[in-house]
Amino acid sequence: MSPVNYTKFNFAVFLLTGIHGQEDVHLWISIPFCLTYVFSIVGNSVILFIIKTDPRLHEPMYIFLSMLAITDLGLLMSTMPVTLGLYLLNSRKISLDACFAQLFFIHLLKCIESSVLLLMAFDRFIAICNPLRYTAILTLPRIGKMGLVCVLRWVTVILPIPFLLQRLQYCQSNVLSHCYCINQDVMKMACSDIRVNSIYGLSVPLLTLGLDSLLIFLSYVMILKTVLSITSRAECLRALNTCVSHLCAVLLFYMPMIGLSMIHRFGEGSFPLFQTVLGYIYLLIPPLMNPIVYSVKSKHLRDRIIRAFIK
């Protein structure tokens, strides 16, 4: 018997997915999304404005915070048009090239955010474990070089991903699981051999994000060791209090990322609603909560923001 012939074809577009089964109320669902984007953009923009205009905040901790705010704004800009287009205008189509470009920026900015959190952990480590050399170690030129290295590192690592996806043939379903494009979701639409994509897509977070999270953990081990050696209880609590906002930012970043990666790898289709909600938490909650957490926990920043709005 001769083998059955079939024609492979490449989809011209992918279809984005909102909240499955709730298409009739997408317009109402768009309201919390619009509010989330507005509050996130305003919050991060205010943080940047306050840090830029107040010379007293030109310190390493606040410079790293401004890097985090810039990264969050970039992430919001890369997802907001398609998300609001889906919910407000029911515009589900996204071309392959636009999808590849979007996933490049999403993965790039999330990875840069991981490195910024690592730099912030290093900042807390130096401030608590070696306070006398804090200003000598974290100079403005050195901070700039550290930020540049982080960006170049991740551009080099993430750049191959869209090119690896571009070489594939897409003849499976073209309906994505989210209202944005990510590597794990897109490569499952392919009918070509995706072993290279899978290996690269798995090795990148393990070898890079895994390294960042390990170094953050080790930083806090050293911080905790130093803090516990402080005899004064008040000084001990004050030192730990300076780390609370950063710990919250780390948890807000890594927990949804790990959860979403686990679902895409091992639980695809098991909990569709949970996967959708976790996908939104992964992208939208850190940019929304980071300005709030740091404004609440940083007295200098909070007082400066209050004075700016009272004027």
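# A walk around the model

Start on the outside: select Val25, Trp28, Ile31, Leu35, Val38, Phe39 and Val42, which together make a nonpolar surface patch with about 690 Å² of accessible area. Patch members here have over 30% relative accessible area and no salt bridge, with like charges joined within 9 Å and nonpolar side chains (Val, Leu, Ile, Met, Phe, Trp, Tyr) within 5 Å. The areas come from the Shrake-Rupley method with a 1.4 Å probe, and for residues only the protein chains shown count as cover.

Before you go on, bear in mind that this is a predicted model, where local features need pLDDT of at least 70 and side-chain atom pairs count only at pLDDT 80 or more, while totals for chains, interfaces and linings use all residues. Residues are numbered from 1 along each chain as its sequence is written, and side-chain values use heavy atoms, with hydrogens and water left out.

Stay in the patch and click on Phe39, which lies in helix H1 (residues 26-53). Helices (H or I, at least four residues) and strands (E, at least two) are DSSP runs, numbered from the N terminus. Phe39 counts as exposed, at 53% relative accessibility. The scale is simple: buried is under 20% relative accessible area, exposed is over 50%, and partly exposed is in between (1.4 Å probe, protein chains only).

**Into the core**

Now select Phe14, Tyr170, Val186 and Leu301. Of the 88 residues in the largest nonpolar core, these four touch the most other members. Helix H3 (residues 96-129) is the top contributor to this core, giving 18 residues. A nonpolar core means buried Ala, Val, Leu, Ile, Met, Phe, Trp, Tyr and Cys residues joined through side-chain atoms within 4.5 Å.

Zoom in on Phe14 and show its surroundings. Leaving out residues up to four places away in sequence, Phe14 touches a list that includes Arg92, Phe100, Tyr170, Val186 and Met189; a contact is heavy atoms within 4.5 Å. Cys99 is another of the residues that Phe14 touches, and that's your next stop.

**The cysteines**

Which cysteine is Cys99 paired with? Its partner in a disulfide is Cys181, with the sulfur atoms 2.1 Å apart. Searching the whole structure turns up 1 disulfide, defined as a pair of cysteine sulfur atoms within 2.5 Å. Cys99 sits in helix H3 and Cys181 in the loop between helix H6 (160-166) and helix H7 (183-187), so the link ties together parts that are 82 residues apart in sequence. If you check the dihedral, it is -125° about the S-S bond, a left-handed link. Cys99 is buried at 0% relative accessible area, and Cys181 also counts as buried, at 0%.

Why isn't Cys34 bonded to Cys179? Cys179 holds the closest cysteine sulfur, but at 12 Å from the sulfur of Cys34 it is too far for a bond. Cys34 is partly exposed, with a relative accessible area of 26%. Select Cys243 next: the closest cysteine sulfur, in Cys129, is 8.9 Å away, again too far for a bond. Cys243 is buried, at 2%.

**Salt bridges**

The model has 6 salt bridges, each one a side-chain nitrogen of Lys or Arg within 4 Å of a carboxyl oxygen of Asp or Glu. Select Asp54 and Arg304, which meet in one of them at 3.4 Å, N to O. Asp54 lies in the loop between H1 and helix H2 (60-89) and Arg304 in helix H11 (residues 299-310), so this pair ties together parts that are 250 residues apart in sequence. Both Asp54 and Arg304 are buried.

Stay in H11 for Lys299 and Asp303, whose side chains form a salt bridge at 2.9 Å, N to O. These two are 4 residues apart in the helix, about one helical turn. Lys299 is exposed at 53% relative accessible area, whereas Asp303 counts as partly exposed at 25%. Add Arg56 to the view as well: salt bridges that share partners join Asp54, Arg56 and Arg304 into one network.

**Two last stops**

Click on Asn90, in the loop between H2 and strand S2 (93-95). Asn90 has a positive phi of about 55° despite not being a glycine, and it counts as exposed at 55% relative accessibility.

Finish at Tyr200 in helix H8 (residues 195-228). Tyr200 is partly exposed, at 23%. Setting aside neighbours within four places in sequence, Tyr200 is in contact with Thr156, Val157, Pro160, Ile161 and Leu164.
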